[in-house]
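Reader: I am new to this structure and would like to learn how to read its features one at a time. Please give the general idea for each, then the case at hand.

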Amino acid sequence: MRRAASATIARAATIPRARAATIPRARAATMSASSSTASWCRYEGRFLSSSEARELDEDLIAGIGCEASSLESLMRTAGKNAATATLARAVGRDAFVVLCGPGNNGGDGLVLAREVATRRERSEVKVWYPKGPGKSELYAKLVDECRETRGVTFVDEEEVLKMMDAHAANAAEAKATCFVDAMFGFSFRGDVRAPFVEVMKKLIALTNAERDERALFTVSLDIPSGWNVDGAPSGDDEVFVPNLLISLTAPKCCATFDDPALGKPTPRMKSLAQTHVVAGTFLTEEMCEKYGLRAVPLRRDSVEEYVPLDLSRKA
């Protein structure tokens, strides 16, 4: 969705008892400057590059090809629609952990957290927001709304890592949990740095291991954190692969993870290609024409808030 606060990615802060470390960015197959049409997958629309995604967001706010919307309005719609998709797929779970980054992707996560707690009775939603709202009045407003919502609590890194460790050990006290990744959006570049390093390392380790989705379910908003939006990940063990990817408005170039040019897809990538949805009722016919997104069925007047996209290869 909207432009994420640019992560000026640098070396991570010192990690206790270890050398200062960063998490390598996902190795990427470079895409063309303009996003491409993928005739090899069942979704036959275009994948947006980071520059196109940024331009589309600017059009939405400026009202180019559509009625102008405020950043707050866009964020609330994105978070609400993403919450609908998350609740539909995270069946049977009352425990949610929403990991929020410093930019608009994190803002979407704050909206999602409140929506989940409001809509799923007896749910426990824990929010990790290490950077906080900063000077943003909008983010501060969303934080206040979360604090006022029954079932939502803010937690620190220690508690997040403890919950992840319990799942890694398959401990009996580990509740069936849905972790929502709302850390970094399409403006992300470089390597993950503190305070997100340890949490990302744990996410990568958890999703690389074989785990029962009934116990641990992971969701990413727009792009999986750590991926280069303009390239497809190589599928090695350095990347975080969620159980569900929710692209906002339209799929981005990194969602071409079943690209034959990369060779035979790994089972994880192949599975994610079939568990990918697009959410966000923002597009008009004029915008679809401009960006080549007629294959995305959602429009501003759509009743549906999300639709599945099958990115696996055609038979």
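Author: Start with charged pairs. Side chains of opposite charge can pair when their charged atoms come close. In this predicted model, E159 and K126 form such a salt bridge, with N and O 3.6 Å apart.

Reader: Which parts of the chain does the pair of E159 and K126 link?

Author: E159 belongs to helix 5 (residues 157-168) and K126 to strand 3 (residues 124-128), so the bridge links distant parts of the chain, 33 residues apart. As for its surroundings, E159 has a relative accessible area of 31% and is therefore partly exposed.

Reader: Helix 5 has been named. Which residue pairs with D165 in a salt bridge?

Author: K202 does, at 2.6 Å from N to O. D165 is in helix 5 and K202 in helix 6 (residues 197-208), with their positions 37 residues apart in the chain. K202 is partly exposed, with a relative accessible area of 28%. D165 is also partly exposed, at 35% relative accessibility.

Reader: Which residues are joined into one network by salt bridges that share partners?

Author: E72, R76, K141 and E145 are joined in this way. One bridge to look at is that of E145 with R76, where the closest N and O atoms are 2.8 Å apart. E145 lies in helix 4 (residues 137-147) and R76 in helix 2, so the pair ties together parts that are 69 residues apart in sequence.

Reader: Is E145 buried or exposed?

Author: The cut-off for buried is under 20% relative accessible area. E145 has 17%, so E145 counts as buried. R76, at 25%, counts as partly exposed.

Reader: How many salt bridges does the structure hold?

Author: There are 17 salt bridges in the structure.

Reader: Now the nonpolar residues. How should I read a core?

Author: In soluble globular proteins, nonpolar side chains tend to be buried together. Here the largest nonpolar core has 73 residues, and V125, I246, F257, L293 and L311 have the most contacts inside it. Helix 2 (residues 71-89) supplies the largest share of this core, seven residues. A second core, separate from it, has 21 residues, including V160, L161, F196 and L216.

Reader: Where is R93 found?

Author: R93 sits in the loop between helix 2 and strand 2 (95-100). A loop residue can be checked for burial like any other. R93 has a relative accessible area of 5% and is therefore buried. Its side chain reaches the backbone oxygen of V91 at 3.0 Å.

Reader: Which residues is T281 in contact with, leaving aside its neighbours within four places in sequence?

Author: The contacts of T281 are with T77, N81, R299, R300, S302, E304 and E305. T281 is in the loop between strand 9 (276-279) and helix 8 (285-291). With a relative accessible area of 16%, T281 is buried.

Reader: One more loop, please. Where is the place of S187?

Author: S187 is in the loop between strand 5 (177-182) and helix 6. At 7% relative accessibility, S187 counts as buried. To read distance in space against distance in sequence, take S187 and N105: they are 82 residues apart along the chain, and their C-alpha atoms are separated by 9.8 Å.

Conventions: Residues are numbered from 1 along each chain as its sequence is written. This is a predicted model: local features need pLDDT of at least 70, side-chain atom pairs count only at pLDDT 80 or more; totals for chains, interfaces and linings use all residues. Side-chain values use heavy atoms; hydrogens and water are left out. Helices (H or I, at least four residues) and strands (E, at least two) are DSSP runs, numbered from the N terminus. Buried means under 20% relative accessible area, exposed over 50%, partly exposed in between (1.4 Å probe, protein chains only). Contact means heavy atoms within 4.5 Å. A nonpolar core is a set of buried Ala, Val, Leu, Ile, Met, Phe, Trp, Tyr and Cys residues joined through side-chain atoms within 4.5 Å. A polar contact is a pair of N or O atoms within 3.5 Å; within protein, one must be able to donate a hydrogen and the other to accept it, and residues adjacent in sequence count only if both atoms are side-chain atoms. A salt bridge is a side-chain nitrogen of Lys or Arg within 4 Å of a carboxyl oxygen of Asp or Glu.
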